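Work through the exercises below with the structure open. Each task is followed by its solution in steps.

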Amino acid sequence: MPGGADATAPLAGSAARTLLLNASMEPLCIVNLRRAVMLVMTGKATVLESDGRLLHSEHVVVPLPVVLCLTRYVHVPVRRPVPPTRRTVLQRDNHRCAYCGGGADTVDHVHPRSRGGRHEWTNVVAACVRCNHRKADRLLHEIGWELAFVPRAPRWSVAFGTTSVRTEPLWSQYVVA
């Protein structure tokens, strides 16, 4: 595998991750640097975005890939929707409490389950422990609270959450949040 890079910064952390797109430009997965370089070297993928650094081997220079696109379309079976778990709800709401805007570390059912509310994306929001305890099993209008947003199912899969787009700004135009 090609070694070293032009820049003095190491190739660890976020720079070692590459977004792989299907030939139809839909996100497939995130691959490590070694796999990304092998896909480029074998002609199976082309580099769409690079961070400007170069990988050198004895005979070849390859731009450090940040976004790759496969040269041939790969059929992907239909993916199941992401379930509203604690982790995915916190990720969707950016770890912010839907009631006070502070840091969230738990989830709350807007329409309480004890009153017939369902555990679904449109009824679950991130909340801080204090707001979750104050709200208890009451409805928002009973305590005079309002949500800052309407909860909805995310359009991303777990592999391409909003945190990935934040850590890799070059991915934002390819991954719809």
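**Exercise 1.** In this predicted model, find the distance, N to O, at which the side chains of Arg-118 and Glu-120 meet, and decide whether each residue is buried, partly exposed or exposed.

Solution. Step 1: the side chains of Arg-118 and Glu-120 form a salt bridge, with 3.3 Å from N to O. The cut-off for such a pair is 4 Å, so this pair counts. Step 2: Arg-118 has a relative accessible area of 58%. Exposed means over 50%, so Arg-118 is exposed. Step 3: Glu-120 has 31% relative accessibility and is therefore partly exposed.

**Exercise 2.** Determine which parts of the chain the salt bridge between Asp-108 and Lys-135 ties together.

Solution. Step 1: a salt bridge joins the side chains of Asp-108 and Lys-135, at 3.3 Å from N to O. Step 2: Asp-108 belongs to strand 6 (residues 106-109) and Lys-135 to helix 3 (residues 129-135), so the pair ties together parts 27 residues apart in sequence. Step 3: both Asp-108 and Lys-135 are buried.

**Exercise 3.** Describe the salt bridge of Arg-92 with Asp-93, and state how many salt bridges a search of the whole structure finds.

Solution. Step 1: the closest N and O atoms of Arg-92 and Asp-93 are 2.7 Å apart. Step 2: Arg-92 and Asp-93 are both buried. Step 3: the search of the whole structure gives five salt bridges.

**Exercise 4.** Work out how strand 4 and strand 5 are arranged.

Solution. Step 1: strand 4 (residues 45-56) and strand 5 (residues 61-70) run antiparallel and are joined by eight bridges. Step 2: the two strands form a hairpin, with four residues between them. Step 3: Glu-49 stands opposite Val-67 of strand 5.

Note on methods: Residues numbered from 1 in each chain as written. Predicted model: local features only at pLDDT ≥ 70, side-chain atom pairs only at ≥ 80, totals over all residues. Heavy atoms only, no water. Pairing = 2+ DSSP bridges. Buried < 20%, exposed > 50% of the residue type's maximum accessible area, 1.4 Å probe, protein only.
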